[in-house]
Number of protein chains: 2
Amino acid sequence: MKTIAIIDDDIYISDMLRELLSRNGYNTMQAYSGTEAVYMLSENTPDLILLDLMLPGLSGENVLKKITGIPVIVMSAKADVHNKVRLLMDGAADYVTKPFETAELLARIAVQLRKATVMNSGILEFRDIKLNTETHEVTLKDNPVKLTKTEFAILKLLMSNPSQVITKSVMLDRISLDTPDCVESSLKVHISNIRRKFREYSDSDYIEAVWGIGFKMSEKS
Amino acid sequence: MKTIAIIDDDIYISDMLRELLSRNGYNTMQAYSGTEAVYMLSENTPDLILLDLMLPGLSGENVLKKITGIPVIVMSAKADVHNKVRLLMDGAADYVTKPFETAELLARIAVQLRKATVMNSGILEFRDIKLNTETHEVTLKDNPVKLTKTEFAILKLLMSNPSQVITKSVMLDRISLDTPDCVESSLKVHISNIRRKFREYSDSDYIEAVWGIGFKMSEKS
DNA sequence: ATTTACAATTAAGATTTTGTTAAGAATACA
DNA sequence: TGTATTCTTAACAAAATCTTAATTGTAAAT
């Protein structure tokens, strides 16, 4: 049975969602603040997360940035397009505007869970590259490539959103959560190192720089 | 030695798989139609089944539904998500999309066989190590190795998820439930002790550190 | 064409994490 | 109670990784 985490400070909504979900065959867990959510997620791994944006403690945006590997559906009152784009760039899987129809929410949940099932075979593929999120192994043309933790995280982030530009600031947010901010030089070195390790098995370029913005996986060989 | 059943009507592919598998240390048996497969499985019990979907006689889907207790990896040309989901719901353990990389297929086979080993007996095996979850006995190359309770718990956790990295925090959660948090030093010592005890009977490394993440069982000897 | 801004690479030093040892604390057991 | 075993902690050395900064290369802007 799939487990869904509900992160919302409004107790009425949170409980309504819990009922709705358990009536539809899901397990649930609840958190009522950003900090509580982070703690809960460090202890448990749900299959999907419903995240309200307006949270006490730590804002929903910041909770979102800390999550990797679990699809997040953001629930927000703000409907504007610009905001939506930013959320998707921060790693949200989908977005519903409050108030929402329960049927719509259930449908979107089902879509994301199916996607996740397919993804969670554990292996991300892009051209010749395979990245196993479970074993932390990466191969290029079936040659094992040893990546460090940070290099792996960068490549996983890129391969999770192929053909999409990942801004440098998003990368820095997601990769090194603890360090300060202005460490772009470091990022460049990591990417350079990944490329060097890949070059041993292929002349082609896999990571492409998007001038002034960030990086993306490169389609062309 | 593990036996794998190959169910595919394409003789060329079937034989290619047989060679690949026997080169990698598996016994094989072959069937070329759905009806033949059902007959073969009534006579023999392989450890794992590779099943092509497009079969004459009885379709792969229907063969799948008749199988219980043996992990089935479905091989299909159809890549669409909906189809994959249905197969998994019909009881497939995993699926690969044709054409597939041999390395990937072997990896997925290994994963499923290990899972099956865990399920079916109280004995976990990994390379030269045997761990009996019921009697709490551990042997290395058939030499008994005396492990303490905590050491045993750590090794069991690792061997239950071979080839998968276990994070330090997960380990701490699962092993010493009562103690506070900052006990990484303790973990290091336990692992060091397991290694020392193993070193008496083998020079090879069985527990591998994954830098910055955790530990995993090490394939290479 | 030249300037400017950013990107890529390299190498060195700083930092973090791991592995081992030894000593004391906690626990189990006779 | 005393003894043996196991667990935890701390200290340090060794290894791997990360960051910084200097340098060179490359794309955009003027």
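Hi everyone, let's start at the DNA. Around DNA strand C there are 17 residues, and the closest are Ser192(A), Ala209(A), Lys188(B), Ser192(B) and Ala209(B). Keep in mind as we go that this is a predicted model.

Which elements supply that surface? Helix 8 of chain A and helix 8 of chain B each give at least two residues to the surface near DNA strand C. The largest share, six residues, comes from helix 8 of chain A. If you sort this surface by class, you get eight nonpolar, four polar and five charged residues.

Now turn to the other strand. DNA strand D has 23 residues around it, and those that come nearest are Thr148(A), Thr150(A), Thr148(B), Thr150(B) and Val183(B). Two or more residues each come from helix 6 (149-160) and helix 8 (184-199) of chain A, and from helix 6 (149-160) and helix 8 (184-199) of chain B. By class, the surface near DNA strand D has 13 polar, six nonpolar and four charged residues.

Let's stay with helix 6 of chain A and ask about a neighbour. At what angle do the axes of helix 6 and helix 7 of chain A cross? They cross at roughly 130°, and the axes of helix 6 and helix 7 (residues 168-175) of chain A come within 10 Å. That angle is why helix 6 of chain A counts as oblique to helix 7 of chain A. The crossing of these two chain A helices is right-handed. On the helix 6 side, the contact is made by Thr150(A), Ala153(A), Ile154(A) and Leu157(A), while helix 7 of chain A brings Met171(A), Arg174(A) and Ile175(A). Those contact residues divide into five nonpolar, one polar and one charged. You may recognise Thr150(A), which we met among the residues that come nearest to DNA strand D.

Last stop: the sheet in chain A. Here is an open sheet of five strands in the order 2-1-3-4-5, with parallel pairing. Its edge strands are strand 2 (27-31) and strand 5 (94-97) of chain A, each pairing on one side only. From one strand to the next, the twist averages 20°.

Zoom in on strand 1 (residues 3-7) of chain A: five bridges join it to strand 2 of chain A, and the two run parallel. Within that pair, Ile7(A) stands opposite Ala31(A) in strand 2 of chain A.

Two helices lie across these strands. Helix 1 (residues 11-23) of chain A lies across strand 1, strand 2 and strand 3 (48-52) of chain A, running at about 170° to strand 2 of chain A. Helix 2 (residues 34-43) of chain A lies across strand 1 and strand 2 of chain A, at about 135° to strand 2 of chain A.

Thanks for listening!

How values were computed: Residues numbered from 1 in each chain as written. Chains lettered and ligands numbered in written order. Predicted model: local features only at pLDDT ≥ 70, side-chain atom pairs only at ≥ 80, totals over all residues. Near = placed C-beta within 6 Å. Helix = DSSP H or I, 4+ residues; strand = E, 2+ residues; numbered from the N terminus. Nonpolar A, V, L, I, M, F, W, Y, C, P; charged D, E, K, R; others polar. Pairing = 2+ DSSP bridges. Axes fitted to C-alpha atoms, helices over the stretch in contact; angles between N-to-C directions. Contact = placed C-beta atoms within 7 Å. Parallel < 35°, antiparallel > 145°, perpendicular 65-115°, else oblique. Left-handed = near helix turned anticlockwise from the far one by under 90°.
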